[in-house]
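Here is a short report on one protein model. Please look over the sequence and the structure before reading on.

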Amino acid sequence: MVNQKTTATADIGFSHEDFAALLDKYDYHFNPGDIVAGTVFSLEPRGALIDIGAKTAAYIPIQEMSINRVDAPEEVLQSNETREFFILTDENEDGQLTLSIRRIEYMRAWERVRQLQTEDATVRSLVFATNRGGALVRIEGLRGFIPGSHISTRKPKEDLVGEELPLKFLEVDEDRNRLVLSHRRALVERKMNRLEVGEVVIGAVRGIKPYGAFIDIGGVSGLLHISEISHDHIDTPHSVFNVNDEVKVMIIDLDAERGRISLSTKQLEPEPGDMIKNRDRVYDMAEEMAAKYREQMRAKQQGATAVAAPGDDDVSAAIDDDDVPSAMEDAEVPAAIEEDVPSAIEDDAPAAIEDDAPAAIEDDAPAAIEDDAPAAIEDAVPEDELQPATQED
């Protein structure tokens, strides 16, 4: 009888080898890049052990727990919590997988940023650092870069840290790890909504360059190109204007996409050369001349007459592409960066967002537009333009 029981037990029992073979037969093979559900069953000082159904508990290091900086695992995870994890690496020599939450947040952040760009949304973000090339902000947890030429404020760049700015997207490229934004475009777009081509506005001269004068028209600057000052030839804008001069100008072009406002006094001249010979007459008759300009432009658009506005051929040349170089040179734009990368900002140079895709802004990187090159908007925006809000769509 005893022998029969022993024999029966031997017939139905499993050895360790049999059990391991059975697990291998039905085991799910996890691959890097998979997103799986897992349950937290042990929090460690610098990480956590996660049960994802594998033979060995997977491990998530603290630096992979969030797109933002984490000082303790308890800030992100709780015991017995179940959530999604990204498989970061294959099994090590102990058969243990490495997991990440950061990669999931990273992918979803880029997806959200691409959506915001598609919607041409205006977002607001705090400047958390500056360097020689521009300023750094966080958008959806990603670090973005604002080139110096796209920062429109009277404050010194270094004083912008902690300031919340309205921003538009210039470039969103996950593959190249580039997130570039413009403060200037956001301000110009907002101002453009209240401006019209053919409108006469009063402004102040904020800067004079060989190619023209920058006029502050209520918070944003427009370019009065040298070719649009007068019908008479002018050697340099300095011969006509001084900084802080109050001027009447007419808007001849609004380019929201490029963030540019083009101005003219030439179109307001009752007689060619009046801006040089009799400026008061130009200002006195500005509204009358602007009305004629608008009427002529409407007539041209309707095809009712072939009469063109005085000097109309020069209007399209108000801002020449050759005179206004792009602010988006490849060598000058840093990569988008994540918060938790160690030494994220060292020596004024942001690190890349991915550990395996390094990128940085070198200390000696040139500003986006050099002083001797024209820019469409001068740094002249009053602080009341920068009012806190969460997002402007």
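The sections below go from the whole chain to a barrel, then to single residues.

## Overall make-up

This is a predicted model. The protein has 393 residues, and 48% of them are buried. Its secondary structure consists of seven helices and 18 strands.

Contacts reach far along the sequence. Of those between residues at least 6 apart, 65% link residues at least 24 apart. The exposed surface of the protein is about 19,700 Å². Carbon and sulfur atoms account for 46% of that area.

## The five-stranded barrel

Five strands form a closed barrel in the order β11-β12-β13-β15-β14. The pairing is mixed. On average, neighbouring strands of this sheet are turned by 50° against each other, with direction ignored.

How do β11 and β12 pair, and over how many bridges? Strand β11 covers residues 200-209, and strand β12 covers residues 212-216. The two run antiparallel and share five bridges. Within this part of the sheet, lysine 209 sits opposite glycine 212 of β12.

## Helices on the sheet

Two helices can be described against this sheet. Helix α4, residues 183-192, packs on the sheet and touches β14 (246-255) and β15 (260-264). The direction of α4 makes about 55° with that of β15.

Helix α7, residues 286-302, also packs on the sheet. Its contacts there are with β11 and β14. The angle between the directions of α7 and β14 is about 15°.

## A buried aspartate

Aspartate 274 belongs to helix α5, which spans residues 274-277. Is aspartate 274 buried or exposed? Its relative accessibility is 7%, so aspartate 274 counts as buried. The cut-off for buried is under 20%.

Which residues does aspartate 274 touch, leaving aside those up to four places away in sequence? They are Glu269, Arg279, Arg281 and Val282.

## Positive phi in two loops

Aspartate 120 is not a glycine, yet its phi is positive, at about 55°. The residue lies in the loop between α3 (102-118) and β6 (122-130). Aspartate 120 counts as partly exposed because its relative accessibility is 34%.

Asparagine 244 is not a glycine either, and has a positive phi of about 80°. Asparagine 244 is located in the loop that joins β13 (221-225) and β14. With 53% relative accessibility, asparagine 244 counts as exposed. The cut-off for exposed is over 50%.

Key: Residues numbered from 1 in each chain as written. Predicted model: local features only at pLDDT ≥ 70, side-chain atom pairs only at ≥ 80, totals over all residues. Heavy atoms only, no water. Helix = DSSP H or I, 4+ residues; strand = E, 2+ residues; numbered from the N terminus. Buried < 20%, exposed > 50% of the residue type's maximum accessible area, 1.4 Å probe, protein only. Contact = heavy atoms within 4.5 Å. Areas by Shrake-Rupley, 256 points an atom, 1.4 Å probe, with all protein chains shown as cover. Pairing = 2+ DSSP bridges. Axes fitted to C-alpha atoms, helices over the stretch in contact; angles between N-to-C directions.
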